[in-house]
Amino acid sequence: MSLQSNMRIDADRLWDSIHEMAEIGLGVAGGNNRQTLTDDDAKGRALFQRWCKDAGLTIGVDQMGTMFAMRAGTDPDALPVYVGSHLDTQPTGGRYDGVLGVLGALEVVRTLNDLNIQTRHPIVVTNWTNEEGTRFAPAMMASGVFAGVLDMEDVYQHTDAQGKTFGEELERIGWKGDEEVGARKMHAFFELHIEQGPILEAEGKDIGVVTHGQGLRWIQCTVTGKESHTGSTPMPMRKNAGRGLARITELVHEIAMKHQPNAVGAIGHVDVYPNSRNIIPGKVVFTVDFRSHLMEIIEAMLGEFYEKAPKLCEEIGVQFESEVVGQFDPPAFDEDCVAAIRNAAETLGYSHRDIVSGAGHDACWVNKLYPTAMVMCPCVDGLSHNEAEEISKEWAQAGADVLLHAVVETAEVVG
């Protein structure tokens, strides 16, 4: 038995679930502030848990708090097909980033239940902990521990802006599970996500077939000068750390522009000390974000940055220090899983194109261990990590329909 092209998910049910989840951790401008390991994160998890139990799924939680909800397969020896994303959001996040992937995965299972379709492989709906990495750095934390690239005991000690540790907060909200992280084995992993970029909408495509993810390097930089009075310090005698930031900001832009169209770079996070109107900044701490899906381009950008940034600071009498605080190499997704997504889009009659993910995702870490691929749908103006983030119900349905067919093809329909 195989799925026919007229088989679709319940778009209204998926849409209603997304917006019911969005009532938890409402933002001030229509989006969400459901940061990881907050009380609202706990409430969102509880709602997701209830929906999974209603769908007949068996739920497990690992020591990083990642939730796994399994629909049994007919073969007890067959490895599960995992599918999901994350429910945590940015402080001023949208309703769809991550959430569409988790609830789209749940909708796949609900649809199979509705149609009484069984698969040989189990299907596991997954909610990864702390994908966003805003409250506790780095991003994709739980999937990073799962993949063995981060150490669990180390990340337990990571602190938020109030000095609270990840481990303490995970226990406080009641979602620290007993399962060993990474003990689960996968047949494959699929993740549905909004594009977070403008390409699909601009080209009128329903589906992005993700062939690669971008690698990244986050470089935390500290420029140190000397605090002094803005009014009484002569211009030639100033050691202005803010000026060092300005010069490096332009450098980052120039480096990324040299490597178009396969690279991006920006400074997104800045702390200025003492941050007073009439004091020349004595220290600035900021993070440079370089990304490309080609490792050779990342290395070239880093090389130029490390060569030029210290010199720019030295020229104006300030000191420059840096350290890498986040990194992963660009993944190429599994060809068979990518083909399953492409075949599903074609079977369903959705327009599609191959695309490179411009953001990091849990799928990027899982891809280090197991066959993995991603499917994307458009978002309005490519806007994400913003409360104004928006998609249409039709886009959500297209993405979830493709996810349904790709997952079930991989999990093997029985009967």
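A residue counts as buried when its relative accessible area is under 20%. In this predicted model, V223 has a relative accessible area of 0% and is therefore buried. The residue belongs to strand β8, which spans residues 215–224. Its surroundings are drawn from several parts of the chain: leaving aside residues up to four places away in sequence, V223 touches A241, G244, I248, G282, K283, V284, F286, C313, V318, Q319 and F320. One of these contacts, Q319, illustrates how the fold joins separated stretches of sequence. V223 and Q319 are 96 residues apart along the chain, yet their C-alpha atoms are 5.5 Å apart in space.

From this residue, attention may turn to a sheet elsewhere in the model. Eight strands form an open sheet in the order β1-β2-β5-β3-β6-β15-β7-β14, and their pairing is mixed. The edges are occupied by β1 (58–61) and β14 (352–357); each has a single partner strand, so one side of each is left without a neighbour in the sheet. On average, and with direction ignored, neighbouring strands are turned by 25 degrees against each other.

One pairing within this sheet may be followed at the level of residues. Strand β2 (residues 67–71) pairs with strand β5 (residues 123–127) in the antiparallel sense, over 5 bridges. Within that pairing, F68 has T126 of β5 as its bridge partner.

Helices pack on this sheet. Helix α3 (residues 99–115) touches β2, β3 (81–85), β5, β6 (188–194) and β15 (372–377), and its direction makes about 155 degrees with that of β5. Helix α10 (residues 335–348) lies across β6, β7 (207–213), β14 and β15, and runs at about 170 degrees to β7. Strands β6 and β15 thus appear in the description of α3 and again in that of α10.

A further element of the architecture is a contact between two helices. Two packed helices are described by the angle between their axes and the distance between the axes. For helix α1 (residues 11–21) and helix α12 (residues 393–411), the axes come within 10 Å and cross at roughly 110 degrees. Because angles of 65 to 115 degrees count as roughly perpendicular, α1 is roughly perpendicular to α12. The crossing of the two helices is right-handed. On the α1 side the contact involves A11, D12, L14 and W15, which meet K393, A396, Q397 and A400 of α12. By character, the residues of this contact comprise 5 nonpolar, 1 polar and 2 charged.

Conventions:
Residues numbered from 1 in each chain as written. Predicted model: local features only at pLDDT ≥ 70, side-chain atom pairs only at ≥ 80, totals over all residues. Heavy atoms only, no water. Axes fitted to C-alpha atoms, helices over the stretch in contact; angles between N-to-C directions. Helix = DSSP H or I, 4+ residues; strand = E, 2+ residues; numbered from the N terminus. Parallel < 35°, antiparallel > 145°, perpendicular 65-115°, else oblique. Left-handed = near helix turned anticlockwise from the far one by under 90°. Contact = heavy atoms within 4.5 Å. Nonpolar A, V, L, I, M, F, W, Y, C, P; charged D, E, K, R; others polar. Buried < 20%, exposed > 50% of the residue type's maximum accessible area, 1.4 Å probe, protein only. Pairing = 2+ DSSP bridges.
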